[in-house]
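Thanks for coming. I have a few helix contacts and a few single residues to go through, so let me put the structure up.

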Amino acid sequence: MTEPLLSVRDLRVTFPTPQGPVEVVKGVSFDLGQERLGIVGESGSGKSMTGRAILRLIRPPGKVTAEKLAFQGRDLLSLPEREMRALRGARISMVMQDPRYSLNPVMTIGRQIAEALRVHENLSRSATRARVRDMLEAVQINDPDRVANMYPHEVSGGMGQRVMIAMMLIPEPQILIADEPTSALDVSVQAQVLDLIDTLVKDKGMGLILISHDLQLVARYCDQILVMNAGRVVERCAAGELDKATHPYTRGLLASVPRMNEDRDTLPTLDRTAWEGT
Amino acid sequence: MTAAISLNNLDISYSGTRVVEGVTFDVAEGESFALVGESGSGKSTVLKAIAGLAPEWSGEMSILGQPRGHGPDKDLARTCQMVFQDPYGSLHPRKTVDAVLSEPLAIHGLGNRSERIEKALRDVGLDRRFRFRYPHQMSGGQRQRVAIARALMLEPKIMLLDEPTSALDVSVQAEILNLLKRLRAEQNLTYLLVSHDLPVVGFMCDRVAVMTKGRIVEIAPVDALHHGDFTDPYSRQLYAASGG
C-alpha cells in the first residue's frame with residue numbers, strides 16, 4: 001500500500017483560559033490519500049481548528065500536539081518555520097471562507113495570484129503572466145486579462161471565491177484544504193464553485209479536505225466523511241453510506257435538515273444535554 | 001377577506017437605478033408566502049420597501065387593506081415587523097436584551113413592560129436569565145430568538161422574515177424554523193419569507209414566488225417544490241441547483 005499524503009494521529013489543540021486549558025480538538029486521527037475527505041460538524045466542533053492545525057496556523061497561546069502529523073512522511077510538527085512556510089501554499093494550501101475578507105483589497109487580482117506563484121517558483125515576468133492567465137481560465141473566468149486588472153471589490157462573491165481558488169491552486173499543491181468554501185455564496189453559485197474544485201482536484205490528482213457544516217453538501221462532493229462533535233470524531237463513513245450512519249449525533253444532524261420533499265410538521269432538533277461540552 | 005399584503009405593479013429603485021420591476025402579488029391573512037432567488041434578484045428589496053427601508057418605490061402597496069405611504073409609519077410598525085438575516089449584526093452590541101425589547105414598547109407608549117418582556121422571552125423559548133445579557137454573551141441561535149422576540153413585542157399580524165436562518169448552523173436552523181412555525185400557529189401570523197434555501201421554504205411556506213433580475217417569473221404552490229413541477233426555465237434551474 002502506498003503511503004498516504006497526509007497522516008494524522010491523535011491530533012490535539014488546546015487553548016489556555018483563566019479556568020485552565022481547554023481542549024478544542026481532542027485526539028483526531030485520519031489518513032488522506034488522493035481522495036476527498038469531508039469534515040462535518042457544528043460551530044465549535046473543532047473542524048476548522050483541525051484544518052488550521054495541519055498547516056500549523058494556530059498561533060500561541062494555542063498549542064498543537066499530535067502523536068503523528070506527517071505530510072508525505074515528513075513530520076510537520078518538528079519542521080522549522082522556514083521550511084513550513086515553503087510547504088504552506090506550495091504543497092498544502094487552504095481556501096478560506098469569505099473572499100471579501102481573505103483577499104487583499106488594495107492589490108489587483110492578477111498581482112495577488114502572481115504573488116502566490118512568485119513566492120514558490122522562480123519564473124520570468126511573462127511566464128508568470130501566462131500562468132496567471134491560464135489559471136484564471138481554469139477557474140472559468142471568461143475574460144482573464146480584464147479580471148486580472150480588477151480589484152477584489154469589483155468582482156462578485158462567486159468570482160472572488162474563484163480567484164481565491166486560482167490563487168491557492170497555482171503553485172500546484174498536493175493537498176487543498178477548503179474551509180467552508182461556499183458558505184458565503186448563493187446556492188446557484190455554490191454548486192459551480194464546488195464542481196470547479198471537484199474537477200481541479202480530480203484532474204491534478206490532489207487530496208481534498210472539505211470542511212463544512214452542511215452534511216448533504218459534503219456527502220455530494222466527498223468520498224469519506226468524518227463527523228465531529230465537541231472536538232472528537234464521532235463517526236467516520238463513506239459518503240455513499242451516510243444514510244446508514246449510526247451515531248445519534250450524525251442521525252440528529254441529518255434529520256434536522258429540511259428536505260425538498262418536506263412532510264414533517266416539526267423538525268427534530270438535537271438534544272444538547274445528551275452530549276458533553278458545547 | 002382583505003389580503004394581509006397586497007402589492008400591485010411595484011417598482012423599487014436605489015438612487016435612480018431600478019432594481020425591482022412590476023412586482024405583483026397578494027398574501028392572504030394567515031398565509032406563509034416565500035420569495036426565492038439568487039442574491040441580487042431583488043427579493044430582500046421587496047421586504048425593505050414594505051418595511052419602509054427602501055422609500056424610492058412606485059406602484060401600489062397596501063397592508064391589511066390600508067394603502068401604505070412613502071414615509072415612516074408608526075401604525076404600520078404595530079402590524080408589520082421585520083426579522084433580519086444576521087443576528088450578529090441586527091442587535092445593538094451595547095444594549096441588553098431587556099433594553100432591546102423595551103424600546104418598541106417605549107416608542108408606542110405601552111405599559112406592563114416587564115410582563116410583556118417576560119412573555120416574549122417565554123414565547124421564543126429563552127430562559128429568564130437571558131433578560132439582562134448582552135448580545136456577545138449569547139450564541140447565534142439565541143440572538144436570533146431575541147430578534148424574533150423584538151419583532152413580536154408589538155404583537156404584529158405580519159412578520160417580514162429576511163433569510164432568518166441563513167447565518168445559522170443546520171442544527172440551530174431547525175430550532176428556529178420550528179419556533180417560527182409554532183409562533184405562526186399560536187398567534188395566527190402572516191409570514192413573508194425571503195430565502196435562497198428551497199427546502200427551508202418547502203418546510204415553512206404555502207406558496208412561493210421565484211424572482212430573478214428584479215422580476216417575479218413564477219408563483220407556485222409549495223407542492224411544486226415537492227414534485228419539482230415548475231413551469232419557468234429559471235425556476236427549474238434554481239430547483240436543480242438546490243439538489244431537487
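The crossing of α7(A) and α8(A) is right-handed. This is a predicted model, so please hear every value as computed from it. The two axes come within 10 Å and cross at roughly 15°. That angle makes α7(A) roughly parallel to α8(A), because anything under 35 degrees counts as roughly parallel.

Which residues make this contact? On the α7(A) side they are G158(A), Q161(A), R162(A), I165(A) and L169(A). On the α8(A) side they are V189(A), Q192(A), V193(A), L196(A), I197(A) and L200(A). Sorted by class, the contact of α7(A) with α8(A) has seven nonpolar, three polar and one charged residues.

Staying with α8(A), this helix runs over residues 187-204 of chain A. Its 18 residues, at 1.5 Å each, should span 26 Å, and the end C-alpha atoms are 26 Å apart, so the expected and modelled spans agree. Its buried residues begin with V187(A), S188(A), V189(A), Q190(A) and A191(A). Further along, the buried set takes in V193(A), L194(A), L196(A), I197(A), D198(A), L200(A) and V201(A). Note that D198(A) is on that buried list. After α8(A) comes G205(A), with a positive phi near 60°.

Now the other partner of α7(A). Helix α4 of chain A, residues 109-120, and α7(A), residues 157-169, have axes that come within 8 Å and cross at roughly 25°. These two are therefore roughly parallel to each other. Their crossing is right-handed. From α4(A), the residues involved are I109(A), Q112(A), I113(A) and A116(A). They meet V163(A), A166(A) and M167(A) in α7(A). The residues of this contact divide into six nonpolar, one polar and no charged.

On to chain B. Here α4(B) is residues 97-107, and α5(B) is residues 113-123. The axes of α4(B) and α5(B) come within 10 Å and cross at roughly 120°. How do they lie to each other, then? With that angle, α4(B) and α5(B) are oblique to each other. The crossing is right-handed.

The contact takes V97(B), D98(B), L101(B), S102(B), L105(B) and A106(B) from α4(B). Across from them in α5(B) are R113(B), R116(B), I117(B) and L121(B). By class, the contact of α4(B) with α5(B) divides into six nonpolar, one polar and three charged residues.

Which residues of α4(B) are buried? They are V97(B), D98(B), V100(B), L101(B), S102(B), P104(B) and L105(B). The buried residues of α4(B) pack against α5 and also against α6, residues 140-152, of chain B. Just after the helix, G109(B) takes a positive phi of about 65°.

Let me pick out S102(B) from that helix. Is S102(B) buried or exposed? Its relative accessibility is 15%, and the cut-off for buried is under 20%, so S102(B) counts as buried. Setting aside neighbours within four places in sequence, S102(B) is in contact with R113(B) and I117(B). Both of those residues are listed in α5(B).

Two more residues of chain B before I stop. L53(B) sits in the loop between α1, residues 43-51, and β4, residues 57-63. With a relative accessible area of 48%, L53(B) is partly exposed. Leaving out neighbours within four places in sequence, L53(B) is in contact with K48(B), M82(B) and F84(B). The C-alpha atoms of L53(B) and H70(B) are separated by 9.8 Å, and the two are 17 residues apart along the chain.

The last residue is Y234(B), in helix α10 of chain B, residues 233-241. Y234(B) has a relative accessible area of 13% and is buried. What does Y234(B) touch? Not counting residues up to four places away in sequence, Y234(B) touches E38(B), V210(B), M211(B), T212(B) and V217(B). As for N188(B), this residue is 46 residues from Y234(B) in sequence and 33 Å away in space, C-alpha to C-alpha.

That is what I have; questions are welcome.

Key:
Residues are numbered from 1 along each chain as its sequence is written. Chains are lettered from A and ligands numbered from 1 in the order in which they are written. This is a predicted model: local features need pLDDT of at least 70, side-chain atom pairs count only at pLDDT 80 or more; totals for chains, interfaces and linings use all residues. Side-chain values use heavy atoms; hydrogens and water are left out. Axes are lines fitted to C-alpha atoms, for helices over the stretch in contact, and angles run from 0 to 180 degrees between N-to-C directions. Helices (H or I, at least four residues) and strands (E, at least two) are DSSP runs, numbered from the N terminus. Angles under 35 degrees count as roughly parallel, over 145 as roughly antiparallel, 65 to 115 as roughly perpendicular and the rest as oblique. A crossing is left-handed if the near helix is turned anticlockwise from the far one by less than a right angle, and right-handed if clockwise. Contact means heavy atoms within 4.5 Å. Ala, Val, Leu, Ile, Met, Phe, Trp, Tyr, Cys and Pro count as nonpolar, Asp, Glu, Lys and Arg as charged, and the others, Gly among them, as polar. The expected span of a helix is 1.5 Å times one less than its number of residues. Buried means under 20% relative accessible area, exposed over 50%, partly exposed in between (1.4 Å probe, protein chains only).
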